[in-house]
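Dear colleague,

Please find below the structure I agreed to pass on to you, followed by an account of what was found in it. I would be grateful if you would read the notes alongside the coordinates.

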Amino acid sequence: MNGDSPVRIDAWLWAVRQFKTRSAATSACRAGHVRVNGERAKAAQQVRPGDEVRVRIEGFDRTLIVRQTLVKRVSAAVAATAVEDRTPPPPPRETVAQVAMRDRGAGRPTKRERRDLERLRGH
């Protein structure tokens with residue numbers, strides 16, 4: 001544990017379990033998916049407690065506040081105390097109408113399957 005001294009952003013993201021590997025965190029920085037205090041961050045950029053980190057992981061933006069700097073990967077319980085997650089909750093999902101789809105290459109539908117499809121479509 002490092003405490004309050006500055007640490008590299010890629011090492012911190014890996015230590016607080018936002019990425020599985022440090023090289024994945026470094027690649028995210030190179031790709032421009034990491035911002036520190038609103039500015040694009042290179043992997044070697046230093047972060048301190050109080051900094052705001054925005055990370056795009058798997059298509060979703062996460063907003064994190066650095067509470068404690070860590071260099072080594074730690075348990076999930078300790079990692080949770082080192083970061084404050086301010087990510088807004090996702091918007092409620094809209095209910096999508098059920099669409100009758102058949103797998104490609106499934107062949108012709110049987111009489112029962114055809115009737116089920118027609119019932120779903122409202123015919």
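**The β5-β6 turn**

Glu-58 counts as exposed, at 76% relative accessibility. Please note from the outset that this is a predicted model. Glu-58 is found in the loop between β5 and β6, and these two strands form a hairpin with two residues between them. Although Glu-58 is not a glycine, its phi is positive, at about 50°.

A second residue invites the same kind of inspection. Asn-37, in the loop between β2 (34-36) and β3, also is a residue other than glycine with a positive phi, here near 55°. Asn-37 is partly exposed, its relative accessible area being 46%.

**Overall architecture**

The protein chain contains four helices and seven strands. Along the sequence, these elements follow the pattern β-α-α-β-β-β-β-β-α-β-α. The radius of gyration is 23 Å, well over the 14 Å that the globule rule gives for 123 residues, so the protein chain is more spread out than a compact globule. Taken along the principal axes, the C-alpha atoms fill a box of roughly 70 × 30 × 30 Å.

Of the 123 residues, 30% count as buried. Among contacts with a separation of 6 or more, 45% are between residues 24 or more positions apart.

The UniProt record, an unreviewed entry, carries the annotation "domain: RNA-binding S4" for residues 7-65. Over this stretch the chain is 27% helix and 36% strand, and the C-alpha atoms at its ends are 14 Å apart.

**The sheet**

Five strands make up an open sheet in the order β3-β2-β5-β6-β7, with antiparallel pairing. The edges are taken by β3 (39-40) and β7 (83-85); each has a single partner strand, so one side of each is left without a neighbour in the sheet.

Strand β5 (residues 52-57) pairs with β6 in the antiparallel sense over six bridges. One residue of β5, Glu-52, has Ile-65 in β6 as its bridge partner. The pairing of β5 with β2 is likewise antiparallel, over three bridges, and Val-36 stands opposite Val-53 in β5.

The two faces of β5 are distinct in their surroundings: Val-53, Val-55 and Ile-57 form the covered face, while Glu-52, Arg-54 and Arg-56 form the uncovered one.

**The nonpolar core**

The largest nonpolar core has 25 residues, of which Ile-9, Trp-12, Leu-13, Val-34, Val-47, Val-53 and Val-55 touch the most other members. At least two residues of this core come from each of α1 (9-15), α2 (22-30), β2, β5, β6 and α3 (76-82). The largest share, four residues, is supplied by α1.

Which residues does Leu-13 touch, not counting residues up to four places away in sequence? They are Gln-18, Phe-19, Ala-25, Val-34, Val-53, Val-55 and Leu-64. Val-53 and Val-55 in this list also belong to the covered face of β5.

**Two polar residues that are buried**

Gln-18 lies in the loop between α1 and α2. Its relative accessibility is 13%; because buried means under 20%, Gln-18 counts as buried. The side chain of Gln-18 makes a polar contact of 3.1 Å with the side chain of Arg-62. Leaving aside neighbours within four places in sequence, Gln-18 is in contact with Leu-13, Ile-57, Arg-62 and Leu-64.

Thr-63 is found in strand β6 (residues 60-66) and is buried, with a relative accessible area of 7%. A polar contact of 3.2 Å joins its side chain to that of Arg-54, a residue on the uncovered face of β5. Not counting residues up to four places away in sequence, Thr-63 touches Glu-52, Val-53, Arg-54, Glu-84, Asp-85, Arg-86 and Thr-87. Among these, Glu-84 and Asp-85 fall within β7 (83-85), and β6 stands between β5 and β7 in the sheet order.

Yours sincerely

Key: Residues are numbered from 1 along each chain as its sequence is written. This is a predicted model: local features need pLDDT of at least 70, side-chain atom pairs count only at pLDDT 80 or more; totals for chains, interfaces and linings use all residues. Side-chain values use heavy atoms; hydrogens and water are left out. UniProt positions are given in the numbering used here, feature names are shortened, and annotations may be inferred rather than shown by experiment. Buried means under 20% relative accessible area, exposed over 50%, partly exposed in between (1.4 Å probe, protein chains only). A polar contact is a pair of N or O atoms within 3.5 Å; within protein, one must be able to donate a hydrogen and the other to accept it, and residues adjacent in sequence count only if both atoms are side-chain atoms. Contact means heavy atoms within 4.5 Å. Two strands pair if DSSP finds at least two bridges between them. A nonpolar core is a set of buried Ala, Val, Leu, Ile, Met, Phe, Trp, Tyr and Cys residues joined through side-chain atoms within 4.5 Å. The radius of gyration is taken over C-alpha atoms; the globule rule is 2.2 Å times the number of residues to the power 0.38.
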